[in-house]
Amino acid sequence: MLKIDNLVVAYGGIEALKGISMEVEEGKIITLVGANGAGKSTTLRAIMGLVKPVSGAITYKGSNLLAEKTQNMVRNGIALVPEGRRVFPNLTVLENLKIGAFCRNDEKNIKEDLEWVYHLFPRLKERTWQLAGTLSGGEQQMLAVGRALMSRPKLLMMDEPSLGLAPLVVKEIFNIIKEIHKQGVTILLIEQNANAALHIADIGYVMETGRISLKGTGHELLANQEVKEAYLGKKAK
Amino acid sequence: MSFDIFLQHLTNGISLGSLYALIAIGYTMVYGILRLINFAHGDIFMMATYFAFYGVITFGVPWYIVFPIVILLTASLGMTLEVAAYRPLRNAPKISIMISAIGASFLLENLAIVIFGGVNKAFPTPEVFTGVVQLGPVSLQKLTFYIPIITVIFLVALLYLINHTKTGMAMRAVSKDHETAGVMGIDVNKTISITFGIGSALAAIGALMWGLKFPQIYPLMGVMPGLKCFIAAVIGGIGNIKGAVLGGFILGVGEIMLVAFLPSDYTGYRDAFAFILLIVVLLFRPTGIMGEKISEKV
């Protein structure tokens, strides 16, 4: 579905990605784990067209994604849950969700999807008319996920959805990710919480300072000695 | 001074305040979406009066055809200005785009002097807008009475557009976060263009009524109203549309009352009033009356 080939991205001469290649297969949950500064967010930003790569290729369903503008990604079925949630604080919960469906005109289906999002996150329904800026961190994360779902994405990319959230909320978010996946949405998940991410992932990539150092199924990586030591803590199973 | 005379001055003040409000909205909307003070806004206001002058006087077209065209022309001028002077600097430091705005202002003023000439011209005043209406004890120029009504109509339309349409929602989203708005599929450049168009159209409406009220037009006529309306926007809390309206009314009513109630020796300080008010507001409430607290994005 999405293929990244030898991608190099630099910020003012400093290479954040030093030639990474990876593939997101349709219908799978793919995760990209790694420490701060490994280049995980940069990878997503490059896919969305928010940073221009120095070299390399990104293809999506066979077509060159690098030629597309950011604003057209969502029309192609790619939605992003940005790092740090980035909900629009001056818009209500409902407006935030509607803006997720900004490119769509099929009012009836939008309504259905809204109901689905409210079903996934009943808390959002209770807060429909509240300004998003007044929500708690966990609720904002739910809103950011719901907003992305409102575009009816085929590929949902999430940047650190568990960041700064209480363990119970993290668990809830991960359950929702599985639920969304069951509906046929392909998921590319970026996480520092490697343990939780690898448990739900079909395929995992481990990133280190701009390179992909390991690739494997979620369970393989969970069992891998290096991964255990570097990201899971030695005692983790 | 009797109550009737007070009412008389109050209506005059509201009328002037309406004009300030219409122009102040343009400043506040552009600031809201780009964090830019569009110094050329007052000159766009001036351009609108000349468009109307040439349409009605030179080409002899009736005012009711000319005025809507003027509004559209002025909106396009504002949008062109954005594309030419501000868009190329979208990712440049804020100071560059501000200098570009000052340059655009000088350019428009001097272009006007070259093309239209520096001599004052008489703005056409159609008969519909002249004459006097009697409202109880208050007698008003018809125009003074019409201005607030026209203003309110456009304000309601504007607030509806911003709060209840998809375009308005996009404008509010872009004003908070360009990047995320783009991720949502919003065409950020188009949204900014629309914002300039609306702001300039409102300035044109203000300019037409200004021309009818003070029928002398000249290339630098936009400077003082431009400054005052910028002050009105800051007093109300820049970035906030209702704040700009409030600021406009405070400034308009305050100015008229000052002239009316102070001894005539002091009426020359009329323009100074706006600036003194600005200093006072900035000292005690730097974000303006309805301004939000400034929080740095993390």
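In the predicted model, strands S1(A) and S2(A) run antiparallel and are joined by eight bridges. Among the residues of this pairing, Leu7(A) has Ile20(A) of S2(A) as its bridge partner. The two strands form a hairpin in which two residues lie between S1(A) and S2(A), and within the turn Gly12(A) adopts a positive phi of about 50 degrees.

This hairpin belongs to an open sheet of four strands in chain A, arranged in the order S2-S1-S4-S5 with antiparallel pairing. The edges of the sheet are formed by strand S2, which covers residues 14–24, and by strand S5, which covers residues 63–64, each of them pairing on one side only. Strand S4, comprising residues 55–60 of chain A, runs antiparallel to S5(A) and is joined to S5(A) by two bridges; in this pairing Thr59(A) has Asn64(A) as its bridge partner in S5(A). Helix H1 of chain A, formed by residues 40–48, packs on the sheet and touches strands S1 (2–11), S2 and S4, with a direction that makes about 110 degrees with that of S1(A).

In chain B, the packing of two helices was examined. Helix H2, spanning residues 41–58, and helix H4, spanning residues 94–116, pack at an angle of about 25 degrees, and their axes lie 9 Å apart. Because angles under 35 degrees count as roughly parallel, H2(B) and H4(B) are described as roughly parallel to each other, and their crossing is left-handed. On the side of H2(B), the contact is made by Asp43(B), Ile44(B), Met46(B), Met47(B), Tyr50(B) and Tyr54(B), which meet Ser105(B), Leu108(B), Glu109(B), Ala112(B), Ile115(B) and Phe116(B) of H4(B). Classified by residue type, the contact of H2(B) with H4(B) contains nine nonpolar residues, together with one polar and two charged residues.

The two chains also meet each other, in a contact to which chain B contributes 19 residues and chain A contributes 24 residues. The size of an interface is often given as the accessible area lost when the parts come together. For chain B and chain A, the area buried between them is about 1800 Å², and carbon and sulfur atoms give 62% of this area. Within chain B, the residues that lose the most area to chain A are Met169(B), Val183(B) and Met184(B), which together account for 34% of what that side buries.

Note on methods: Residues numbered from 1 in each chain as written. Chains lettered and ligands numbered in written order. Predicted model: local features only at pLDDT ≥ 70, side-chain atom pairs only at ≥ 80, totals over all residues. Heavy atoms only, no water. Pairing = 2+ DSSP bridges. Contact = heavy atoms within 4.5 Å. Axes fitted to C-alpha atoms, helices over the stretch in contact; angles between N-to-C directions. Parallel < 35°, antiparallel > 145°, perpendicular 65-115°, else oblique. Left-handed = near helix turned anticlockwise from the far one by under 90°. Nonpolar A, V, L, I, M, F, W, Y, C, P; charged D, E, K, R; others polar. Buried area = accessible area lost by both parts, 1.4 Å probe.
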